Structure formats: C-alpha cells, structure tokens
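Here are a few short exercises to work through with the model open beside you. Try each task before reading its solution.

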Amino acid sequence: MLDIRLFREKPEELKIALETRNGFFPVEDIIGLDSRRREILTRTDELRSERNQGSREIAELRKKGEDATELMEQMRITGEEIRENDEQLAELEGRIQSLLLEIPNLPHDSVPVGADESFNKVVRSWGEPPVFDFEPLPHWDIGESLGIMDFERGVRLAESRFTVLKGAGARLERALINFMLDIHTREHSFVEVQPPFLVNSDTMKGTGQLPKFAEDLYSCSSDDLWMIPTAEVPLTNLHRGEIIPEEELPLYLTAYTPCFRREAGSHGRDVRGMLRQHQFDKVELVKICSPESSYGELESLTTSAEEILKRLELPFRTVLLSTGDMGFAASKTYDIEVWLPSQEKYREISSCSNCEDFQARRMNTRYRPKGGGKVQFVHTLNGSGIAVGRCLIAILENYQNRDGTVSLPKAIVPYMDGVEVIGERPIP
C-alpha cells in the first residue's frame, strides 16, 4: 500500500510513475476522497472544541443557578453533527483504504520503463546451453518414457495442470527440496520455517494477493481460509502488526511449501507438461530489513537463488524486469530464467523482488531504530529459491541422453543415494 501523503504532496509525480505500470488507477478519486475526509475531520475537531467549551459554560451556569436549557440544546445539536461526521469519516476512510489496496507499488528509479517484457534488460548470463548430437525431447516425453511422470492420472485425480510424479521423479523432487533448503540454511544464513499452507484473508491482504488477485486463488468456502500461492505469503506475514527491534534485522526466512494457483488468464499457455501447474513445489526466500539496506539485500537474495542453478550446472540468465512486467507489489524485480532445450529459450524459474514498505504498510510491520526515535516501516523482499518443479524439468531436458536416460548433476547425486543416472536401474 502506498503512503497517502504521496497523493497529497506529490500527486503529479505519482501519476507519472503509475502510468508506467500498465493500468488505470483511481488517483484522482483517492485525492478527492482524502480532501473531503480532511475537511470533515477539521470541522469535527472544531465541533468537539465547541462542545467542550459549551460543557464548561453549562457547568458554570448551573453552579450559578442560572438556566442552561438553550445552551444544552445547542450542545445536543453539536453532538448530533459530530456523530454524523464520524459516520461519514468512517465511510470515507473505508473507501480510501479500498482504493489504495488496488494501487500497485511504484517502480524504483533503476527499473527500465516499458509496457511489457520486451523492455526487460538481461543483466548477466551463466553457463552455456548444451549441444546435443540428437533431437532433444521435451520433459513430458522424457518423464513418460522413464515412467516418472503420469499426466493422465493427474487429470483423473484432479483436473488438467495436475501431475503425478512417481519413483525417481518423486525422489528427485524431494532431493531438490532438501538440497535447496540445505544450501540456503547452511550457507546463506536463512532460517527454515514450516508455515501453514492455508492462511486467512488478512494474511493474503498483507502481501497484496487480496483483493486484486482473488480470482487466481483457491479458497475454502466454508472458512476464511485460502490456499497459499507461494510461501512468501505466510513468511512475510509472520511479523504482521509487530514492532521489531532494529537489532534483530535483517530477518532471513526460507520455507518449502506446495503452492496453489488457478492460473487464471493462462488458458492455452504451456498446456503440455508441468511447466505451468495448479499445484507445484517451491522453496521461497524472504527478507525483512531496514530501508537503508534493502537494495543490497535484493542483490544478495538474487545471488542466493542463482547459486542453486550454478551448483546444478544449469544455464541461466538474470533479467531486470521493466515497469510494465513487474508484479503488483514490487518496486524492482530480477527474474532468473533457466535454459530449456525443447523450447530453445530461457524460461522463468525464480523471481526476486524488493517491495520496499509496500507490504509492510498493509501488514503494519515496523521496526524501532537502534538510537531511538519514531518507529518506521520495514522493507520486505522475496524470491524463489527456487521453483522445484521447473528445476526438475530443466534437469531432465538439459541432462538427457540419446538412450533416453537422464544423467544427474553431481551436486544432487548425494541426495539421490548415489544414483547418477535415471533410467539405468530402479531408484531405491
């Protein structure tokens, strides 16, 4: 959520910044409602002052034994006007807050201005795409031929965009989860958390999923509970409503969770395979820090996610997203894209963002400076560290062999009980 003072003090700058975010946003409506709210608030303060003065005068009249009927009637009318104003203020505040929840974050000055992904900027690449002496297969053909992916039964059990992993496929998914968590906790100083996979509406609002993206979420209709689309949601909300001593910052949190998304609006995109699923596994990274350190933390967060792909020796590139391609809550985002031979292109496997104080304002998460003084909002950052299913896909496609087997990256072999190739022998 943006600071309401921006609408009061820098309306033109705000409009220019929001024009780069691809959408119509009710800036003028918020300014008008806020102006009306402040007018009523000023009048209400004056009325309360008049009522206090009137109460003192009534007391003096009674003390002197004089008639206070007329003044008491005036105070009754004043009290009624105060009550009506309070009702209007509550209504206006609700409307303002509702509109503010629909406004995206403002882009950082370093973000490329552009309408879509064509304006994104590649900032670095790592590794070389493999060269095959045969026609490489897509992961769905590899997975089905090895008997480790079952798309038909996934549809039978649920619907399209659900997949059953079996044998070495299920084992590799679990191995990757443990591998990622070990790297982030042992080497990158993240604290592992096991959060709920269902959260309430306030939690969803805190990180910006509600109300704007309700159609992309799964809800439990009989309860105020939503299935998380990412572990960012519970991790970032862990300190909602709290004031954190600055000495405890930064906080580094990581979690493995399944993630659930309707993928509304993605009809016809990535229909085959398990690149775009309604349920998928992900290891998430979240940082909560002071404003002064947040952009340095974004660089190190992105480096932590990149390190997973380097250890697995998977070619990737890191892309700085443009203003029109960034997510709703982000001020700056790096996407990490892994090479997929079957598509001959890089595809997103991690997205690392600095949300500055946008989420903190929604959650009312603040910190108390070391030297004292006024409490301030924290900055929050999040990133995939990384998407497990897409990592599995990338391994199958980049490490496939002519005979239909799949070699495994050296770093993951210890997590597979020493198995180096999928397809040569059963996985224990």
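**Exercise 1: an unusual backbone angle**

Task: Decide whether E313 in this predicted model is buried, partly exposed or exposed.

Solution: The relative accessibility of E313 is 45%, so this residue counts as partly exposed. Partly exposed covers values between the buried cut-off of under 20% and the exposed cut-off of over 50%. Next, turn to the backbone: E313 has a positive phi near 55° and is not a glycine. Finally, place the residue: E313 sits in the loop that runs from α10 (294-311) to β11 (316-320).

**Exercise 2: another positive phi**

Task: Find which loop holds N22, and work out its phi.

Solution: Start between α2 (11-19) and α3 (27-64), where the loop contains N22. Its phi is about 60°, a positive value, although N22 is not a glycine. With a relative accessible area of 44%, N22 is partly exposed.

**Exercise 3: cis peptide bonds**

Task: Is the peptide bond from L210 to P211 cis or trans, and what about the bond from L249 to P250?

Solution: Check omega for each. From L210 to P211 omega is near 5°, and the bond is cis. From L249 to P250 omega is near 0°, again cis. P211 belongs to the loop between α8 (201-207) and β6 (218-220), while P250 belongs to the loop between β8 (243-245) and β9 (251-260).

**Exercise 4: a helix pair**

Task: Describe how α7 and α12 cross.

Solution: The axes of α7 (residues 168-186) and α12 (residues 388-398) come within 10 Å and cross at roughly 115°. The crossing is right-handed. Among the residues that meet are L172 and L176 in α7, and L392 and I395 in α12.

How values were computed: Residues numbered from 1 in each chain as written. Predicted model: local features only at pLDDT ≥ 70, side-chain atom pairs only at ≥ 80, totals over all residues. Heavy atoms only, no water. Axes fitted to C-alpha atoms, helices over the stretch in contact; angles between N-to-C directions. Helix = DSSP H or I, 4+ residues; strand = E, 2+ residues; numbered from the N terminus. Left-handed = near helix turned anticlockwise from the far one by under 90°. Contact = heavy atoms within 4.5 Å. Buried < 20%, exposed > 50% of the residue type's maximum accessible area, 1.4 Å probe, protein only.
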